[in-house]
Amino acid sequence: ILDILETGALSIFVFVLLFTFVIRPVTVDGNSMNPTLYHSDKLLILTPLKGVNNGDIVVVDNHEGGRFTDAEQTVIARKPGLDRVLVKRVIARAGQEIDIDTTAGTVTVDGIVLDEPYIADPTYREDGAFTYPMTIPEGYLFVMGDNRLNSTDSRSPAVGLIPEDSVYGTAFFRYDRDESMMEKWTDRFAILF
């Protein structure tokens, strides 16, 4: 009996540690990540141990965002953001050059046009936060929603560039979805790598 109690207590302890420091549940609020994620989808995120990669879906605190303070876009400062937690996709990281062509609806990173099968519509909207092309400064990320025509993201002066230390985690699994958004029961789950 003592072995069973010890094993149970240890299991609960490990479970609590795991869900406190490594894995967190998150609920999507809004439609900016359609068609990849929908309002009320439930996700599990991993706390980043070493940073994020382009294409990762991240959960970030937009209490502050990075904005350039000069016309040449060389000096950046943290300014107030939307003061909300956002779910977005990493498009470019520090040192990478990003260009958005709203006529063609394309996004280019380091001279390569991104193949983005996950987006709802081409990127025809640009909200005036930056002049493109631009290089992402050290310590920042450029993020966008998959629903490019209905997403407030790094293109907006209200959000700006996301400080790397504002990333809560990277989404890796969707474990629940509203039944009205599903065609079959397996649509409830998805791996998000």
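This short talk walks through the cores, the aromatic rings, one sheet and two single residues of the structure above. Please keep in mind throughout that this is a predicted model.

Let me begin with the interior. The largest nonpolar core has 15 residues, and those with the most contacts inside it are Ile 98, Met 134, Ile 136, Phe 142 and Leu 161. If you look for the strands behind this core, you will find that strand 6 (85-93), strand 7 (97-101), strand 8 (106-109) and strand 11 (140-144) each supply at least two of its residues. Which strand gives the most to this core? That is strand 11, with three residues. To get a feeling for the surroundings, take Leu 161, which, once its neighbours within four places in sequence are left aside, is in contact with a list of residues including Phe 68, Ile 76, Phe 130, Met 134, Ile 136 and Phe 142. There is also a second, separate core of eleven residues, and among them are Val 28, Leu 43, Val 59 and Leu 192.

Now to the aromatic rings, where the structure holds four aromatic pairs. One of them is formed by Tyr 132 and Phe 142, whose rings meet edge-to-face, with 6.3 Å from centre to centre and 85 degrees between the planes. This pair links distant parts of the chain, since Tyr 132 belongs to the loop between strand 9 (112-113) and strand 10 (134-135), while Phe 142 belongs to strand 11, ten residues apart. Are these two rings buried or exposed? Tyr 132 counts as buried because its relative accessibility is 16%, which is under the 20% cut-off, and Phe 142, at 0%, counts as buried too.

A second pair, Phe 173 with Phe 189, is stacked, at 6.4 Å centre to centre and with 20 degrees between the planes. Here Phe 173 lies in strand 13 (residues 167-176) and Phe 189 in the loop between strand 13 and strand 14 (190-191), 16 residues apart. Phe 173 has 25% relative accessibility and so counts as partly exposed, and the 37% of Phe 189 puts that residue in the partly exposed class as well. Returning to the first pair, ring pairs link Phe 68, Phe 130, Tyr 132 and Phe 142 into a cluster. In addition, Arg 89 lies over the face of Tyr 118, at 3.7 Å from the ring centre.

Next, the sheet. Four strands form an open sheet in the order 9-8-7-10, with antiparallel pairing, and strands 9 and 10 are its edges, each pairing on one side only. Within it, strand 7 and strand 8 are joined by four bridges, and Asp 99 stands opposite Thr 108 in strand 8.

I will finish with two single residues. Thr 170, in strand 13, is buried, with a relative accessible area of 15%. Not counting residues up to four places away in sequence, Thr 170 touches Leu 44, Ile 45, Leu 46, Val 52, Asp 56, Ile 57 and Val 58.

What about Asp 153, which sits in the loop between strand 11 and strand 12 (162-163)? Asp 153 is buried, because its relative accessible area of 0% is under 20%. Its side chain makes a polar contact, at 2.9 Å, with the side chain of Ser 151. Beyond its neighbours within four places in sequence, Asp 153 is in contact with Lys 88, Val 143, Met 144, Gly 145, Val 159 and Gly 160. Finally, Asp 153 and Phe 142 are eleven residues apart in sequence and 8.4 Å apart in space, C-alpha to C-alpha.

Key:
Residues are numbered from 1 along each chain as its sequence is written. This is a predicted model: local features need pLDDT of at least 70, side-chain atom pairs count only at pLDDT 80 or more; totals for chains, interfaces and linings use all residues. Side-chain values use heavy atoms; hydrogens and water are left out. A nonpolar core is a set of buried Ala, Val, Leu, Ile, Met, Phe, Trp, Tyr and Cys residues joined through side-chain atoms within 4.5 Å. Buried means under 20% relative accessible area, exposed over 50%, partly exposed in between (1.4 Å probe, protein chains only). Contact means heavy atoms within 4.5 Å. Rings of Phe, Tyr and Trp (its six-membered ring) pair if their centres lie within 6.5 Å; planes under 30 degrees apart count as stacked, over 60 as edge-to-face and the rest as tilted. A charge sits over a ring if NZ of Lys or CZ of Arg is within 6 Å of the ring centre and within 35 degrees of the ring normal. Two strands pair if DSSP finds at least two bridges between them. A polar contact is a pair of N or O atoms within 3.5 Å; within protein, one must be able to donate a hydrogen and the other to accept it, and residues adjacent in sequence count only if both atoms are side-chain atoms.
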